[in-house]
Amino acid sequence: MPVQRLHTTPRFSEVTISGQLVHLAGQLAEDTCLDIQGQTRQTLELIDKLLAEAGTDKSHIMSVLIFLKDIEQDYAAMNEVWDAWVPEGAAPPRTCVEAKLYAPDVLVEMTVTAVLP
């Protein structure tokens, strides 16, 4: 089965598509000076954009892995943005964990698996 890759660099691809599966690399906000809600909003906007490029959308997400820099401090605020973004009746399975992220100003990163419609 062929693999299609989008936004590929020597180190990784932002998106891979094989069969009906679409995998996104960990996505994060472009402006990491924003607070958790701003970073979450930008991350979700980027996820929407990449899913559209792959030929799908958030209603076809199969799972999301969410990494928070500080789960105690940021979980509720991140969820406010998340809850407004998730389509009604289509909330995907997700895991949310606290993690040391690649830079100190990154507050949230999300990895997505979706399917093509």
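1. Two strands are said to pair if DSSP finds at least two bridges between them, and helices (H or I, at least four residues) and strands (E, at least two) are themselves DSSP runs, numbered from the N terminus. In this sense strand β1, residues 4–8, and strand β2, residues 13–18, pair in the antiparallel sense over 4 bridges.

2. On the origin of the model, a word of caution is in order. This is a predicted model, in which local features need pLDDT of at least 70 and side-chain atom pairs count only at pLDDT 80 or more, while totals for chains, interfaces and linings use all residues. Residues are numbered from 1 along each chain as its sequence is written, and side-chain values use heavy atoms, with hydrogens and water left out.

3. On the overall architecture, the protein contains 2 helices and 6 strands, and, read from the N terminus on, these elements follow the order β-β-β-α-β-α-β-β. The C-alpha atoms fill a box of roughly 45 × 40 × 20 Å when it is taken along the principal axes. The radius of gyration, taken over C-alpha atoms, is compared with a globule rule of 2.2 Å times the number of residues to the power 0.38; for 117 residues a compact globule would have a value near 13 Å, and the 14 Å of the protein agrees with that.

4. On burial and surface, 40% of the 117 residues are buried, where buried means under 20% relative accessible area, exposed means over 50%, and partly exposed lies in between (1.4 Å probe, protein chains only). The protein exposes about 6600 Å², of which carbon and sulfur atoms supply 54%; such areas come from the Shrake-Rupley method with a 1.4 Å probe, and for residues only the protein chains shown count as cover.

5. On charges, the protein has 8 positive and 17 negative charges, and their mean positions are 7 Å apart. Here Lys and Arg count as positive and Asp and Glu as negative, whereas His and the chain ends are not counted; the place of a charge is taken as NZ of Lys, CZ of Arg, CG of Asp or CD of Glu.

6. On the N-terminal strands, a hairpin joins β1 to β2 through 4 residues, and within this pairing Thr-8 has Ser-13 as its bridge partner, while Arg-5 stands opposite Thr-16. Thr-16 also stands opposite His-23 in β3. β2 pairs in the antiparallel sense with β3, residues 21–27, over 4 bridges, and these two strands form a hairpin with 2 residues between them, where Gly-19 in the turn has a positive phi of about 60°.

7. On His-7, which is placed in strand β1, the reader may wish to look at the backbone, since phi is near 55°, a positive value in a residue other than glycine. His-7 counts as partly exposed because its relative accessibility is 41%.

8. On Val-108, which lies in strand β6, residues 108–115, the relative accessible area is 0%, and the residue is therefore buried. Contact means heavy atoms within 4.5 Å, and, leaving aside neighbours within four places in sequence, Val-108 is in contact with several residues, including Gln-27, Leu-28, Ile-36, Ile-66, Phe-67 and Leu-101. Thr-40 is also one of these contacts, and although Val-108 and Thr-40 are 68 residues apart along the chain, their C-alpha atoms are separated by 6.5 Å. Across the protein, residues 24 or more positions apart account for 69% of the contacts with a separation of 6 or more.

9. On helix α1, residues 36–54, two positions deserve a look, beginning with Ala-54. Ala-54 is buried, with a relative accessible area of 9%, and beyond its neighbours within four places in sequence it is in contact with Leu-6, Val-15, Ile-17, Val-22 and Leu-116. Leu-44, also found in helix α1, counts as buried at 2% relative accessibility, and it touches Val-81, Trp-82, Trp-85 and Met-110, not counting residues up to four places away in sequence.

10. On sequence separation and distance, the C-alpha atoms of Ala-54 and Leu-68, 14 residues apart along the chain, are separated by 26 Å. For Leu-44 and Lys-58, which are likewise 14 residues apart along the chain, the C-alpha atoms are separated by 9.4 Å.
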